[in-house]
Amino acid sequence: MVSTMQTIFSLHKKGKNKYTVPQFGEKSFDPIPEHLCRSKLDLVDVSEVDVVRHYRKLSSLNFGVDNGMYPLGSCTMKYNPKINDAVASLVQFTGQHPATIEELSQGALQIMYELSQMLCAITGMKRFTLMPAAGAHGELTGVMIIKKYFEIKGERRNVILIPDSAHGTNPASVAMCGFTVKEIPSNSDGDVDIDALRAAMDENVAAMMLTCPNTLGLFDRNIITIAEILHTHGALFYCDGANLNAIVGKVRPADLGFDIMHVNLHKTFSTPHGGGGPGSGPIGVVETLSPFMPVPVIEKKDAQYYLEYNRPQSIGRVHSFYGNFLIMLRAYTYIRMLGASGLKQVAEHAVVNANYLRVKLQTHFNLPYKRICMHEFVINDEGMPGGITTNEIAKRLLDYGFHAPTVYFPLIVHGAIMVEPTETEHKETLDAFVDAMVAIKNEAHTNPEVLKAAPLTTPVRKVDAVLAARKPVLQWEE
Amino acid sequence: MSFLPNSDDDIRLMCKEIGVDSPEDLFVDIPSRVKNPGIELPSPLSEQEAFHSIVRIGNTNRRVCSLVGGGVYNHYVPAVVDHLSSRSEFYTAYTPYQPEVSQGTLAAIFEFQTYMCRLTGMDVANASMYDGATALAESMLMAVRTTKKNTVLCSAAVHPHYRQVLATYAWASDIVLQIVPYKNGSTNYDELSHILHNDVACVIVQSPNFFGVIEDIAKAAQIAHEHKALCIVTFTEAMSLGLLESPGQLGADIVCGEGQSLGNYPACGGPLLGILACRKEFMRTIPGRLIGKTVDQEGREAYVMTLQTREQHIRRERATSNICTNEGLCALRASMYLSLVGNKLLELATVNHTAASYCLEKLVALGYERVFDAPFFNEFVIKINNAKDVRNKLMDNGYALGIPLDTYYPEMSDCLLIAVTECTAKDDIDTLVTLLQTI
């Protein structure tokens with residue numbers, strides 16, 4: 001498919017815009033002084049037909065879960081049920097104003113209250129806040145809660161431990177709260193190196209953040225020991241719940257010794273990723289951390305839901321209002337449809353799908369950690385014929401009709417290819433993915449040029465990222 | 001309801017290939033004493049049951065004629081926006097890590113960045129933040145990073161929720177946050193000049209401010225710059241940018257705020273659309289995603305995420321922010337909205353102002369007090385005896401009249417912050433006036 005990219009600005013022509021503004025039929029009773037008004041407005045002049053064709057065309061240049069398998073590791077690109085969007089389009093929810101939510105939108109508060117309760121049941125945590133608007137926002141909120149906990153205790157602890165396999169958001173969130181990151185290595189099995197952890201522990205350690213299962217797709221076999229080590233030293237255990245899909249219904253993170261966690265509603269609970277958001281990253285905590293949750297918290301009394309602000313030990317507010325409500329509504333819908341049994345099956349099928357792919361691919365690709373995996377696993381480009389790289393494999397997969405896996409992450413695996421099929425792909429699709437990967441391996445022998453040139457069939461060919469960074473053009477210029 | 005395509009037979013076959021007897025064997029690494037807990041959730045539902053159950057809950061929300069703003073506004077969303085943003089190639093995609101199959105998202109966000117630059121008068125706008133309040137908090141962090149100074153001054157006329165979020169982020173980062181009082185509904189600029197000193201990183205004002213008053217941005221910028229502080233201008237009502245002079249023209253260094261008004265619904269307060277834009281000298285310290293224009297290997301126009309060395313996935317603890325997922329789909333909707341409305345945004349913004357001025361005129365004619373005699377956009381403060389009683393009675397009659405201000409400003413008892421948009425018809429206002437006469 002050959003396309004000429006163009007933005008809406010290339011369709012601009014004076015006089016095309018026929019959008020009609022409803023008239024109020026009066027003049028201002030109190031005109032704004034002219035010097036406060038804008039001298040020119042320079043957006044665009046296009047017709048409604050232009051707009052429709054333009055964005056329809058742009059949509060055709062995109063690849064989403066609805067286009068095909070999207071095995072982006074740690075991103076849980078599962079199918080997004082359409083009913084979620086149907087309920088999130090109801091005017092009973094979209095039209096409601098946040099400032100009058102207690103008076104006029106008891107139904108919305110009910111959804112939030114019940115979703116929090118369901119997340120507590122699923123994770124074993126005692127209280128959830130739904131305010132964080134994304135996973136990283138949840139992490140930040142969580143680290144603030146950790147900071148507040150020690151501040152109230154009168155302890156000055158300034159170090160947070162993070163495994164070398166962690167998402168970049170973990171250290172970045174930690175740094176935003178004035179903590180120092182201390183990296184803990186993984187051992188050769190992909191678990192946290194317990195000796196290194198013991199050696200790192202002292203009275204300065206506030207917490208450890210661990211993704212569970214970790215970004216290698218492995219469930220850390222020492223997790224109970226890690227929790228014990230941390231708790232013995234008075235430190236807290238934070239669970240990055242980005243990978244909750246692997247264990248949802250199978251184990252509650254609180255039972256593993258975690259004190260605080262975030263979940264990504266846009267991963268485990270099937271809400272769409274929107275091409276980069278909106279997401280939602282609720283934070284759950286054990287009882288002792290409950291006083292530090294952001295305000296407001298939602299309470300229920302005599303069948304009335306209300307917002308509680310009187311929380312003197314709270315970290316404060318972290319969002320303009322209550323978080324991404326329409327995303328919560330989608331997750332609520334999903335959990336109500338699946339129930340506990342359905343969620344447990346989600347984890348089981350996700351893990352079966354990942355292990356099936358792992359077993360099928362490990363005869364063709366290097367698998368650095370040879371263990372049963374959870375919902376995802378990591379292979380790499382080691383031993384690829386002709387020095388074919390991870391990036392070339394990823395780009396070629398696009399030609400075969402698949403989205404690429406997560407590449408070059410986690411950082412501890414050189415040339416990592418992190419594959420997460422999710423539970424919503426059928427065995428036949430997985431087989432087709434294996435076939436594509438094997439075909440690419442064969443091409444590395446027989447026709448390496450095609451891999452170096454890939455992608456060949458996408459709307460645009462390989463994009464020059466170096467040029468974009470060297471001469472940044474960040475807005476349209478004629 | 002289930003969305004699992006594999007049958008029991010498929011699962012058996014796959015387990016056999018893996019070399020295990022059942023899926024349970026794949027969970028061996030989870031300690032058995034905590035495995036498979038009983039989780040109590042409501043019973044599963046079919047799609048139809050779920051839909052009706054949620055509609056019933058939704059129906060307990062009461063729909064009224066709402067004259068409420070204060071950070072989220074009721075504007076008409078053209079059908080085109082819902083229609084186009086519902087294309088699942090857009091909304092079921094992830095962050096555009098693979099540009100060759102993400103040009104749709106990338107180009108639309110590039111358009112968004114362009115529109116935001118043109119509306120704010122800035123050189124660089126990012127691909128969105130979570131909401132106005134966090135965009136402001138990140139702007140504050142950016143100013144502190146850039147100036148290497150640690151005190152921040154914020155006007156008391158900035159949205160109270162935004163100030164609360166600022167306070168949370170400032171506490172976490174050990175930044176000193178000081179509030180500058182307001183006077184006659186605007187930032188007290190004499191007081192600002194008085195408090196300001198050379199160790200201040202930035203001065204934060206909102207325009208139109210929380211009281212709806214249009215601030216003297218030029219003055220704020222001038223005072224800030226005299227002390228080598230940056231001037232951050234925030235806004236909660238993006239519609240105002242269609243009519244009012246851009247903050248950039250008036251001297252702002254960073255402009256941030258809430259873009260919900262541009263094609264997104266009130267939605268009980270989220271998702272919202274954080275906007276963050278700055279002058280080009282701060283380009284490399286801006287948080288979040290940036291989309292840049294480039295070419296593909298055949299020389300064709302193409303778009304890609306760029307300057308990523310600022311970001312957490314590369315720079316980790318030294319990143320400019322931890323933000324990863326933003327509000328991409330809301331930004332896409334804003335692009336669609338602004339493409340459709342185009343320069344008619346000026347006329348639309350004018351209608352907002354006119355309708356608000358009409359409402360104010362009618363309320364003053366009823367004998368209520370206009371609290372601040374200053375230019376406003378589409379929000380204003382009115383004082384009504386027993387305001388809360390009146391407001392409650394109106395609510396029983398289908399009107400939500402503003403936000404009581406004494407929640408945030410104890411000195412402002414009986415004061416209501418009222419918002420009027422193009423969605424408030426003249427008839428709505430006239431009926432309201434009649435009701436007020438009978439209550």
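Q: What makes the lining of the largest cavity in this predicted model divide into nonpolar, polar and charged residues as it does?
A: The residues of that lining come to five nonpolar, six polar and one charged. Arg counts as charged and Gly as polar, so B:Arg289 falls in the charged class, while A:Gly275, A:Gly276 and B:Gly328 are among the polar residues. Pro, Ile, Ala and Met count as nonpolar, so B:Pro96, B:Ile109, B:Ala127, B:Ile291 and B:Met305 go there.

Q: How many cavities of 30 Å³ or more does the structure hold, and what volume has the largest?
A: There are five cavities of 30 Å³ or more, and the largest has a volume of about 80 Å³.

Q: Why is B:Cys15 not called part of a disulfide?
A: A disulfide needs two cysteine sulfur atoms within 2.5 Å. The closest cysteine sulfur to that of B:Cys15 is in A:Cys373, 12 Å away, so the pair is too far apart for a bond. B:Cys359 is in no disulfide either, with the sulfur of B:Cys65 nearest at 9.3 Å. Over all chains, the count is zero disulfides.

Q: Why do B:Cys15 and B:Cys359 count as buried?
A: Buried means under 20% relative accessible area. B:Cys15 has 1% and B:Cys359 has 0%, so both meet that cut-off.

Q: What area is buried between domain 1 and domain 2 of chain B, and which residues of domain 1 lose the most?
A: About 2,500 Å² is buried between them, with carbon and sulfur atoms giving 68%. On the domain 1 side, B:Leu345, B:Phe377 and B:Tyr409 lose the most area, together 25% of what that side buries.

Note on methods:
Residues numbered from 1 in each chain as written. Chains lettered and ligands numbered in written order. Predicted model: local features only at pLDDT ≥ 70, side-chain atom pairs only at ≥ 80, totals over all residues. Heavy atoms only, no water. 1 Å grid on protein atoms, 1.4 Å probe; cavity = no way out; pocket = protein on both sides within 12 Å on 5 of 7 lines; lining within 4 Å. Points joined across faces, edges and corners; volume = space filled by probe spheres on them. Buried < 20%, exposed > 50% of the residue type's maximum accessible area, 1.4 Å probe, protein only. Buried area = accessible area lost by both parts, 1.4 Å probe.
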